[in-house]
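Trainee: I have the model open. Can we go through the strands and how they are labelled?

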Amino acid sequence: MEKKIEIYDSTLRDGALGEGLQFSLEDRLEILKALDRLGILFIEGGNPAASKQDMEFFHQAKKLPLESARLVAYGGTRKSGVSANEDAGCQALLASGTDVVTIAGWSWDQAVRERLCVNLEENIRMIYDTIQFFKRHGKMVIFNAVHFFDGYKSNFGYAMEVMRNANEAGADRLVLCDSNGACFPHEVFSITQTVVREYGGKVGAHFHNDVGCAVANCTTAVRAGATQIQGNYLGLGERCGDVQLSVVIPNLQLKSGYSCIPNSKMELVTRVASFIAETANINIPANMPYLGRNAFAHKDIDSCGGKSAPSAHISPELVGNRRNVLLSEFIGKSGLLAAVQRLDPTITREEIQGKHLGNHIRAMEREGYQFESAVASLILMVVRELRPGKQPFELASAQIAGDPCRSDQPILAVVKVKRKGESILGAGEGKGTIDALASAFYQALGSWYPALQKIRIIDYKVRLLDTAPSGERSVRVAVTVCDGELTWCTLGISKDVLQASCQALQDALLYGCMQTEEQQETTVGSTPVKQ
């Protein structure tokens, strides 16, 4: 029988401490709902004593019909010399209205003296009194022992005394925090096992990632007996961030025989990650385990008949990802056919073989195309070759007005698009060239293709290519877009950056328009996101 591991997500507080991150109230509520749909058991909403915005979040979150998650309010112990009943922070935690509170208390003797500026005995009284206060009010109390691993190594007796008092005060969970993120797995196993011997299934763990060991430390802590793992979903946060729960969950559930979320929810792991990344306005690294577009990428799939390669450690569908077939000069006919048929299932192997597309692909790669990161461009090229009339629209011309170097002034773009023999003009403004071009496309085609309005540019790169024999240089533009369900990348190459940008953007929009709802679920090279 699988052993249950409680997952505690702190994206909305700890994760939001990351540089450049700022979630609106609506963002936070949507992330809460996404994590709840995934089956996360504890979701920390913030510190209601820290800001009015956090308190407003709790008031709004109480109105949501959560499926299974328990909303958690986070705060510190009472202040020195003040009773918990009189402490403003404790009162704010009560006012948040959550059934679960997490109390952070210091367990490192050096930090108690130098940072908290109280004596060791008073720190223990502050922890004990605060936990008892919330237990008297009927709350589930999770005690986070801040800097526990540092404290254990510095003064074993005091760190354990903190845990003993927290347990006697009634704490329901005792969480060992590696607040500096500097522990290694062998240390984690020994220390966690010692605490588990004393307190059994109450013990949890929370790891930061300053030495890159956070994911490994979580697995180690669980093997040593910890039953709760805290972190945040994408590993966001201050310095090097918290542990990535989106990696920990499949590691424990798919590879180690533990149960973290309902099995039926595992296929949402990638979608929820991509939704949070989009909301945070960040990109998931292509090589991120389980989630990245290259997490299950292989160049040679001929021997697999287009199926998952034998070297893949799991089937990507288990976590809601897809095989990203790296279509390059090394790819065989099976891989190309599998990719193209997801866009047009009528295309046959014989058609691809008859066109000698491999030579065409190699010629394009010599020009500067790199299809490993832009599979959508390759698929469109093949469809254009084999189904010339398949393309729903085509860009005829584009013009821009304004100075792209002036960030204080918008760029105006005008495009002429041909659709079924008809020429359509569209105009739009944007903060830059590519943004203005997208607005113009939307204005011209939005009434015919409503799906275009969902497509958002999330990355735009321009690279100067090596000098050609003639001495002229070309630029390669890569445009990455997301429609709320998938992300994909397309390329454009030209001696003119505007023309290359138009080519890449047109293909990105075409690729979005040419997918049916069923095909969007299985497109090779695209990463599914949001439910």
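Mentor: Start with β7. This is a predicted model. Both faces of β7 are covered: R173, V175 and C177 are buried on one side, and L174, L176 and D178 are buried on the other.

Trainee: Why is β7 called largely enclosed?

Mentor: Buried means under 20% relative accessible area. Six of the six residues of β7 (residues 173-178) are buried, so the strand is largely enclosed by the rest of the structure.

Trainee: How do you know that β6 and β7 pair?

Mentor: Pairing takes at least two bridges. Strand β6 (residues 140-146) and β7 have four, and they run parallel. One example is A145, whose bridge partner in β7 is L176.

Trainee: What joins β7 to β8?

Mentor: Five bridges, in the parallel sense, with β8 at residues 203-207. There, L174 has V203 as its bridge partner. Add helix α8 (residues 185-199), and β7, α8 and β8 make a right-handed β-α-β unit.

Trainee: Now the other sheet. What makes β13 and β15 edge strands?

Mentor: The open sheet has three strands in the order β13-β14-β15, with antiparallel pairing. β13 (394-401) and β15 (422-430) each pair on one side only, and that makes them the edge strands. From one strand to the next, the twist averages 15 degrees.

Trainee: How do you know that β14 and β15 pair?

Mentor: The cut-off is at least two bridges. β14 (residues 411-419) and β15 have nine, in the antiparallel sense. I411 has G430 of β15 as its bridge partner.

Trainee: What packs on that sheet?

Mentor: Helix α16 (residues 433-445), which touches β13, β14 and β15. The direction of α16 makes about 140 degrees with that of β15.

Notes
Residues numbered from 1 in each chain as written. Predicted model: local features only at pLDDT ≥ 70, side-chain atom pairs only at ≥ 80, totals over all residues. Heavy atoms only, no water. Buried < 20%, exposed > 50% of the residue type's maximum accessible area, 1.4 Å probe, protein only. Helix = DSSP H or I, 4+ residues; strand = E, 2+ residues; numbered from the N terminus. Right-handed = clockwise from strand over helix to strand, strands pointing away. Axes fitted to C-alpha atoms, helices over the stretch in contact; angles between N-to-C directions. Contact = heavy atoms within 4.5 Å.
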